[in-house]
Amino acid sequence: MFIKKNIFNLNIKSIFFFILIILGIFTSVHRGYGDDIDSFALILTFINLLENGVYSPSRYYGYPFAELFYGFSGYYLGSFYSSIFSYFFFILSIFYLSKIFLNNLKNDELILLILICISNPVLFFDNTNPSDSPLSLFLFSIGTYMFYKNNKFIASILLGLTVATRPNYALFIILIYLLEIIKDRKVNYLLIKSFILFSCVCLFFYFPILLKNNFSLSFISNPGGPELNFESLFYRFIY
């Protein structure tokens, strides 16, 4: 009876993961680059850098790692691979976030959680576009998971890439470090080294941009988006 139950559970999981793969392929074939103009902006930034040697950020202050990653995959591999990367980044993000915040989740509960997330059209369509959103969420989730598993070296690199993909995460990551310092209540040199490495990864991507522009912020733009002023951006920050 025990063996039969295990075989049944194994078959359910196998079928579920097979359906996830088929759904990813179907979505990637039919959606292409999706309906988010940010996807095209990332690729155009990469093409401009590749062909003209000029960096023009896709939006605001730039999303360098996302521009390199999706620019490369879009330019050399096409929309299918770019989209399927995003799809699996989204699925894996759910998995790692559940390991961080819902550590005692059973397999059937994890399956239910994934089903709830992919059945939400806002979550699904926003995170299956080839854009910085699914990539940054994936890097943040696996980086945070590594951080709490005490693999601070790998975590620092992944969290640094998260900020290089989507700078909005910087506040959350700094908060993670601050909470860890408060919890330890003592000088943790490993944590300090981790934060320095995290900062270096961030600077690796943003320092060349600032250097090329003589440390001026004139390169910041937002083609196709709201004006760069408090009134236009405040409601987006709240959202």
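Me: At roughly what angle do the axes of helix H2 and H3 cross, and within what distance do they come?

Reply: This is a predicted model, so read every value as computed from it. The axes of helix H2 (residues 37–52) and H3 cross at roughly 85°. They come within 8 Å. Angles from 65 to 115 degrees count as roughly perpendicular. So H2 is roughly perpendicular to H3.

Me: Which residues in H2 and H3 meet?

Reply: Take each helix in turn. H2 brings Leu 42, Ile 43, Thr 45, Phe 46, Ile 47, Leu 49, Leu 50 and Glu 51. H3 brings Ala 66, Glu 67, Leu 68, Tyr 70, Gly 71, Phe 72, Gly 74, Tyr 75 and Tyr 76. By class, the H2 and H3 contact has 12 nonpolar, three polar and two charged residues.

Me: How do helix H3 and helix H7 pack, and at what angle?

Reply: Start with the axes again. Helix H3 (residues 64–77) packs with helix H7 (residues 132–148) at about 115°. Their axes are 10 Å apart. That makes H3 roughly perpendicular to H7 as well. The handedness is a separate reading: H3 passes H7 in a right-handed crossing.

Me: Which residues in H3 meet H7?

Reply: Phe 65, Ala 66, Phe 69 and Tyr 70 in H3. Opposite them in H7 are Asp 132, Pro 134, Leu 135 and Leu 139. The class count for this contact of H3 with H7 is seven nonpolar, no polar and one charged. Ala 66 and Tyr 70 of H3 appear in the H2 contact and also in the H7 contact.

Me: At what angle do H8 and helix H9 pack?

Reply: About 150°, with the axes 9 Å apart. Helix H9 covers residues 170–184. Over 145 degrees, a pair counts as roughly antiparallel. So H8 is roughly antiparallel to H9.

Me: Which residues in H8 and H9 meet?

Reply: Lys 152, Ser 156, Leu 159, Thr 162 and Val 163 in H8 meet four partners in H9: Ala 170, Ile 173, Tyr 177 and Glu 180. The H8 and H9 contact holds five nonpolar, two polar and two charged residues.

Me: Now single residues. Does Ser 82 count as buried or exposed?

Reply: Check relative accessibility against the cut-off: buried means under 20%. Ser 82 has 1% relative accessibility, so Ser 82 counts as buried. Ser 82 is found in helix H4 (residues 79–101).

Me: What does the side chain of Ser 82 reach?

Reply: The backbone oxygen of Gly 78, at 3.1 Å. Next, look beyond the sequence neighbours. Leaving aside those within four places, Ser 82 is in contact with Tyr 33, Tyr 70, Ser 73, Gly 74 and Pro 130.

Me: What is the phi of Asn 150?

Reply: First, the general idea. Most residues other than glycine have a negative phi. Asn 150 is not a glycine, yet its phi is positive, about 65°. Asn 150 lies in the loop between H7 and helix H8 (152–165). At 59% relative accessibility, Asn 150 counts as exposed.

Me: Back to the whole chain. How many helices and strands does the chain have?

Reply: The chain has 11 helices and zero strands.

Me: How much of the chain is buried?

Reply: Of the 239 residues in the chain, 40% are buried.

Me: What share of the contacts joins residues at least 24 apart?

Reply: Mind the denominator here. Among contacts between residues at least 6 apart in sequence, 67% join residues at least 24 apart.

Notes:
Residues numbered from 1 in each chain as written. Predicted model: local features only at pLDDT ≥ 70, side-chain atom pairs only at ≥ 80, totals over all residues. Heavy atoms only, no water. Axes fitted to C-alpha atoms, helices over the stretch in contact; angles between N-to-C directions. Helix = DSSP H or I, 4+ residues; strand = E, 2+ residues; numbered from the N terminus. Parallel < 35°, antiparallel > 145°, perpendicular 65-115°, else oblique. Left-handed = near helix turned anticlockwise from the far one by under 90°. Contact = heavy atoms within 4.5 Å. Nonpolar A, V, L, I, M, F, W, Y, C, P; charged D, E, K, R; others polar. Buried < 20%, exposed > 50% of the residue type's maximum accessible area, 1.4 Å probe, protein only. Polar contact = N/O pair within 3.5 Å; in protein donor to acceptor, adjacent residues only side chain to side chain.
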